[in-house]
Amino acid sequence: MNKHIFLFPTVLFICVLICRTSFAQSATADSTSRQSALNNAINLYNTALGNQAPIFTGEEYNFYDPHIKGTAYFQDINGFTDGAVFYDGTLYKHILMMYDLNTDQVAVVLPNHISRFSLIKERVKSFDFLNNHFININADSLHSNVITKSGYYNQLYNGKIEILGRYSKNIQTTTSSLNGLESYFTASNDYYLKRNGIYHKIGSQGSLLDVLKDKKKELKQAIKADKLRYRTIPKRLW
C-alpha cells in the first residue's frame, strides 16, 4: 500500500500569503538586453552541438521490467517530456527528460532519440519539469537534522519562507496465490518548511501551526472560516 503523508495545500497557500514580503528588484534595460543576448547565444551553441552537447553525458539509462505494476516516474509520466536543466553552470532548454523517483535520477534522451543517459547528479543545480522547479540539495551542507537525504527537492515556494517537497517511489514485492511473486511501485511524499534558516518537517496541520505559531491565530481563523481539512496529496504530485 502507498504511504500517505497528510498535508493540505490550501493551508500552505494561506501561510505563504501571511508570511510573504513584497519587494521588487529593478534591472536596467541594458543589463536585461545583455543577459537575453547571452542566453540566446548559449541556446544556439547547444543546438548546434546537438548530440555532442555536454549535458549528454553519464551512465546509460535503462527502463524497468514492464511486469512491475505502476511506474517509477514523477506524475506517472513514463515518456520523455520537454524540460529544462541547469547543468554545469549552463541552462539547457527543451531537453527531453524523465524524472525517476525510485533512483532519484533525471534521464535524458539524445536529440536523435537513440541513446538515453542518467544525468550526473553532482553537475545538476536545478531542473524544471512539468511546471515544477526542482533543486539539488546536498544534505551535508545544510547542518539540518530534518533533511538528511541529498537529492532533488521540489521547491514549491521560495520567499520569506521556503516550502520543499521530496517525492520517492520504491519497489515492493508480495506473494500472490495466482501469479506467484508480484512487484509494484509504492509512493511516498515528505514536506519541509524553512523559516529563519531552520528546516521543519511538515506532516500535519498541528506541525504547520507549531512552526508558524506567531501566525497561529490567523491560520486557525482561516481554517475554520473556510472549513479546511487535511487530505492526502494528489497523485499528480508523486
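The exercises below work through the confidence, cores, aromatic pairs and strand pairing of a predicted model.

**Exercise 1. Find where the confidence of the predicted chain stays under 50, and set this beside the mean for the chain.**

Solution. Begin with the whole protein chain, whose mean pLDDT is 77, with 67% of its residues reaching 70 or more. Then turn to the stretches of low confidence: over residues 1-8 pLDDT stays under 50, and the model has 31 contacts beyond four places in sequence for them. Over residues 230-238 pLDDT likewise stays under 50, and here the model has 35 contacts beyond four places in sequence.

**Exercise 2. Describe the largest nonpolar core, and state which elements give two or more residues to it.**

Solution. The core holds 22 residues, and those touching the most other members are Ile55, Val85, Tyr99, Val106, Val108, Leu119 and Phe127. Two or more residues are given by each of β2 (81-87), β3 (90-100), β4 (105-109) and β6 (124-129), and the largest share, four residues, comes from β3. Next, take isoleucine 55 and leave aside its neighbours within four places in sequence: the residues in contact with isoleucine 55 are then Val85, Tyr87, Tyr92, Ile95 and Leu119. Finally, another core of eight residues lies apart from this one, and includes Tyr157, Ile161, Ile163 and Leu212.

**Exercise 3. Classify the ring pair of phenylalanine 74 and tyrosine 167, and decide whether each residue is buried or exposed.**

Solution. A pair of aromatic rings is described by the distance of the centres and the angle of the planes. The structure holds 16 aromatic pairs. For phenylalanine 74 and tyrosine 167 the centres are 5.8 Å apart and the planes stand at 10°; because planes under 30 degrees apart count as stacked, this pair is stacked. The pair links distant parts of the chain, since phenylalanine 74 is in the loop between α2 (29-49) and β2, while tyrosine 167 is in strand β9 (residues 162-176), 93 residues apart. For burial the cut-off is under 20% relative accessible area. Phenylalanine 74, at 0% relative accessibility, therefore counts as buried, and tyrosine 167, at 1%, counts as buried too.

**Exercise 4. Classify the pair of tyrosine 99 and phenylalanine 127, and place both residues in their strands.**

Solution. The centres of these two rings lie 5.4 Å apart with 75° between the planes, and the pair is edge-to-face. Tyrosine 99 is in strand β3 and phenylalanine 127 in strand β6, 28 residues apart, and the pair thus links distant parts of the chain. Both tyrosine 99 and phenylalanine 127 are buried. Both also belong to one aromatic cluster, whose members are Phe74, Tyr99, Phe127, Phe129, Phe134, Tyr152, Tyr167 and Tyr191. As for charges, lysine 121 lies over the face of tyrosine 152, a member of this cluster, at 5.2 Å from the ring centre.

**Exercise 5. Follow the strand pairing from β6 through β7 to β8.**

Solution. Start with β6 and strand β7 (residues 132-137), which run antiparallel and are joined by four bridges; phenylalanine 127 has phenylalanine 134 as its bridge partner in β7. These two strands form a hairpin with two residues between them, and leucine 130 in the turn has a positive phi of about 50°. Continue to strand β8 (residues 151-158), which runs antiparallel to β7 and is joined to β7 by four bridges, with glycine 151 in β8 as the bridge partner of isoleucine 137.

Definitions and conventions:
Residues numbered from 1 in each chain as written. Predicted model: local features only at pLDDT ≥ 70, side-chain atom pairs only at ≥ 80, totals over all residues. Heavy atoms only, no water. Core = buried A, V, L, I, M, F, W, Y, C linked by side-chain atoms within 4.5 Å. Buried < 20%, exposed > 50% of the residue type's maximum accessible area, 1.4 Å probe, protein only. Contact = heavy atoms within 4.5 Å. pLDDT = per-residue confidence, 0-100. Phe/Tyr/Trp six-rings, centres within 6.5 Å; stacked < 30°, edge-to-face > 60°. Lys NZ or Arg CZ within 6 Å of the ring centre and 35° of its normal. Pairing = 2+ DSSP bridges.
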